[in-house]
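Here is a short note for a colleague who is opening this entry for the first time. Please keep the sequence and the model side by side while going through the points.

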Amino acid sequence: MRWPLDSSDQSLLAYTQDKVTLVDESGEFRYVNEAAERILGHAPETLVGKNAFELMHPDDREACRECFDQVITSEEPTTETTRYRFPAADDSWVWMECRFSNVTDDDLGGYVVSSRDVSEKVRAEEKRDTAESRLQEIATTISDPVWMYSADWTELLFISPAYEEIYGQSIETLREDPLAFLDTVHPDDVPCVEDAMERMAEGESVNVEYRVNAKADYDTYVWVQGEPIVEDGEVHRIVGFARDITDRHRRERQLAVMDNLLRHNLRNDLSVILGKADQIAQSD
């Protein structure tokens, strides 16, 4: 690219979806391509001669200026990406993600900055952060472990404090290795858990019970409900909770023992009764 730009360069940049600008060391626009009008509503010529940092949102100005200065003063070839809000022609703020580097030459007379509109992405991130914050608030008030994973189970996105007591494993261990919770599962139950994980990754809701906590000799039973979060037909995250149902299992075992005992006693009593009845019948 040369400065000033010839007709072929300008034609090429006119069809570029990103806003491409040339700025000097102070941040003054020397050139702005036509994408500025498509993205922001500003005719390119209305921005030339203005300072980019003075136009951007006051809350973003200092950080963006520092990032830019660090890049252009670096002695090594350097490229950085940062975000900032820029005013649109309708007075709204548009989130832009810009990429700039200190690679230039004397003919350019400035630094090339490529920016794209990431407003939708920022809003989605803010929505996700808000949801996770609310989840954090809720999770700290309940005794059931609440968790969130990436769709492929490679990233732990959230885990509540209750996990440590029930599973017998530190949250730090789980953060370092998202699949470390499998180490807390009874070996005989691991295949069942892995099958449930695979089904959730494929978009299926699951309910499963298994034994956990090796420190307690796997004497803790949990009921786990997992739900895939599907967006545009694809699983993006998997959320769920685990409930300690150990007491229920103990009661069920006790009832089973009592049931077997009663059945045994009833069978014995019935045998005695039938024997007596047979004797009476024979005496007649």
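1. A sensible place to begin is helix α5, whose buried residues are D60, C64, C67, F68, V71 and I72. Because these residues cover an arc of only 120° around the axis, they sit on the same side of α5. Please bear in mind throughout that this is a predicted model.

2. The opposite side of the helix deserves a look as well: the face of α5 that is turned away from the buried side carries the exposed residues P58, E62, A63 and Q70. As for its dimensions, α5 runs over residues 58-72, which makes 15 residues, and its span from the first C-alpha to the last is 22 Å, close to the 21 Å expected at 1.5 Å a residue.

3. What do the buried residues of α5 pack against? Their partners are the strands β1 (19-23), β3 (79-87), β4 (93-101) and β5 (111-117), together with the helix α4 (52-55).

4. Further along the chain there is an open sheet of five strands, paired in the antiparallel sense and arranged in the order β7-β6-β10-β9-β8. Its edges are formed by β7 (156-159) and β8 (206-212), each of which pairs on one side only. On average, neighbouring strands of this sheet are turned by 20° against each other, with direction ignored.

5. Within that sheet, β9 (residues 220-231) and β10 (residues 234-244) are joined in antiparallel fashion over ten bridges, and one position to inspect is W223, whose bridge partner in β10 is R243. Helix α9 (residues 190-201) lies across β6 (146-150), β8, β9 and β10, and it runs at about 150° to β8.

6. Is Y149, a residue of strand β6, buried or exposed? With a relative accessible area of 3%, Y149 counts as buried, since the cut-off for that term is under 20%. Leaving aside its neighbours within four places in sequence, Y149 is in contact with E155, L156, L157, L174, P178, F181, R237 and I238.

7. Two distances complete the description of this residue. A polar atom of the Y149 side chain lies 2.6 Å from the backbone oxygen of P178, while the C-alpha atoms of Y149 and I159, which are ten residues apart in sequence, are 8.9 Å apart in space.

Note on methods:
Residues are numbered from 1 along each chain as its sequence is written. This is a predicted model: local features need pLDDT of at least 70, side-chain atom pairs count only at pLDDT 80 or more; totals for chains, interfaces and linings use all residues. Side-chain values use heavy atoms; hydrogens and water are left out. Two strands pair if DSSP finds at least two bridges between them. Helices (H or I, at least four residues) and strands (E, at least two) are DSSP runs, numbered from the N terminus. Axes are lines fitted to C-alpha atoms, for helices over the stretch in contact, and angles run from 0 to 180 degrees between N-to-C directions. Contact means heavy atoms within 4.5 Å. Buried means under 20% relative accessible area, exposed over 50%, partly exposed in between (1.4 Å probe, protein chains only). A polar contact is a pair of N or O atoms within 3.5 Å; within protein, one must be able to donate a hydrogen and the other to accept it, and residues adjacent in sequence count only if both atoms are side-chain atoms. The expected span of a helix is 1.5 Å times one less than its number of residues. The arc is that of the directions from the helix axis to the C-beta atoms.
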